Structure formats: C-alpha cells, structure tokens
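Q: Take a close look at one part of this chain for me. Which of the elements has the highest mean pLDDT, and which the lowest? Start there and work outward through the pairing and the packing.

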Amino acid sequence: MIKIEPSSIIDIRDLIGIPVNDEKGSAMGKVVDFIINSRDGHLLAVCVKPTKHPDIEKFPRDEKGTILIPHSVIKSINNTLIIAEEKIRVFVIKQKLQEGKNQTKLSYIDERTNDKI
C-alpha cells in the first residue's frame, strides 16, 4: 500500500500525466487515471498509457490499450511513479494462476479486499 505522510496532502489530479518508470529508470508510460476503492478510499490500480517496455505486456489492458498497474507493484510516487521489478514478477505469477481459474485477462483480485478489479 502506498502511504503518504499526513503532513503532505497530494491532489490526485496533480499525478495525472506523471511518468511511470521501472526501478532502473526505463519509461513504462504515463499516468492517465486511477481506480480507487469507493468503500475505503484505497488506491487499487493506476491506469497508464504505455510506452514500449518489455514488462508492459505483463499487465492487463482495457479496450483502449490502457494498462492497469495494481497498487501492489508500486514502489513509490513522487514526480515519477516507480514500479518495483520484483513485485512485477509476483503479480505475473498471480495473474497466471487467476487465468487458470478462468478469470478474465483484464481483471485481477485486490489482495486487501479480495475484490475483482
């Protein structure tokens, strides 16, 4: 989960358009939207307009080609959203297990609430 210090208030609209990079600094895309759990206000996923990056194909896409990056693979958010590479591998394994259970490719299960996204 991404934690923001109480003294630092961030307007989520300010995060639209920031770059998304892996830990090595390679560009993965730009933030275009967020998916927030309406029950508890937690960030579920970040919607990203992708660039060409080898790990991008590992994430589910919508019909417009936007990828959904779950909160669980986000390492940090500042002026750039950083994706943790090790967490990508864990996410991919979980996706493969879900696909084996006839889950749709576009969705995944939020680990905190077990909600399908």
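A: Strand 1, residues 19-22, has the highest mean pLDDT of the elements, at 92. Helix 1, residues 85-100, has the lowest, at 67. The model is predicted, and the chain as a whole averages a pLDDT of 76. Of its residues, 68% score at least 70.

First, the setting of strand 1. The chain holds six strands and one helix. Along the sequence the pattern is β-β-β-β-β-β-α, with the helix after the strands. The six strands form one open sheet, ordered 4-3-2-1-6-5, with mixed pairing. In that order, strand 1 lies between strand 2 and strand 6. Strand 4 and strand 5 (74-77) are the edges, and each pairs on one side only. From one strand to the next, the twist averages 35°.

Now the pairing. Strands of a sheet pair through backbone hydrogen bonds, in a parallel or an antiparallel sense. Strand 1 and strand 6 run parallel and are joined by three bridges. Asp22 sits opposite Ile83 of strand 6. Strand 6 also pairs with strand 5, again over three bridges, but in the antiparallel sense. There, Ile74 has Ile83 as its bridge partner. A three-residue hairpin links strand 5 to strand 6.

Ile83 is therefore a useful residue to follow: it faces Asp22 in one pairing and Ile74 in the other. Leaving out residues up to four places away in sequence, Ile83 touches Val20, Asn21, Asp22 and Glu23. Its contacts also include Met28, Ile69, Val73, Ile74, Lys75 and Ile88.

Next, the core. The largest nonpolar core has 18 residues. Val20, Val46, Ile69, Leu81 and Ile83 have the most contacts inside it. Strand 2 (27-36), strand 3, strand 4 and strand 6 (81-83) each supply at least two of its residues. Two of these core residues, Val20 and Ile69, are on the contact list of Ile83.

Val31 gives a second view, from strand 2. Is Val31 buried or exposed? Its relative accessible area is 1%, under the 20% cut-off, so Val31 counts as buried. Beyond residues up to four places away, Val31 touches Leu15, Ile16, Gly17, Ile18 and Val20. Val46, Cys47 and Leu81 are contacts of Val31 too. Leu81 is 50 residues from Val31 along the chain, yet their C-alpha atoms are separated by 8.2 Å. Val20 touches both Val31 and Ile83.

Thr66 shows the other side of the order. It is found in the loop between strand 3 (43-50) and strand 4 (67-70). Its relative accessible area of 14% is under 20%, so Thr66 is also buried. With residues up to four places away set aside, Thr66 touches Val32, Cys47, Val48, Pro50, Pro60 and Arg61. Cys47 is a contact of Val31 as well.

Finally, the chain totals. Buried residues make up 37% of the 117. The accessible surface is about 7300 Å², and carbon and sulfur atoms account for 53% of that. Of the contacts between residues at least 6 apart in sequence, 44% join residues at least 24 apart. The contact of Val31 with Leu81 spans 50 residues.

Note on methods. Residues numbered from 1 in each chain as written. Predicted model: local features only at pLDDT ≥ 70, side-chain atom pairs only at ≥ 80, totals over all residues. Heavy atoms only, no water. Helix = DSSP H or I, 4+ residues; strand = E, 2+ residues; numbered from the N terminus. Buried < 20%, exposed > 50% of the residue type's maximum accessible area, 1.4 Å probe, protein only. Contact = heavy atoms within 4.5 Å. Areas by Shrake-Rupley, 256 points an atom, 1.4 Å probe, with all protein chains shown as cover. Core = buried A, V, L, I, M, F, W, Y, C linked by side-chain atoms within 4.5 Å. Pairing = 2+ DSSP bridges. Axes fitted to C-alpha atoms, helices over the stretch in contact; angles between N-to-C directions. pLDDT = per-residue confidence, 0-100.
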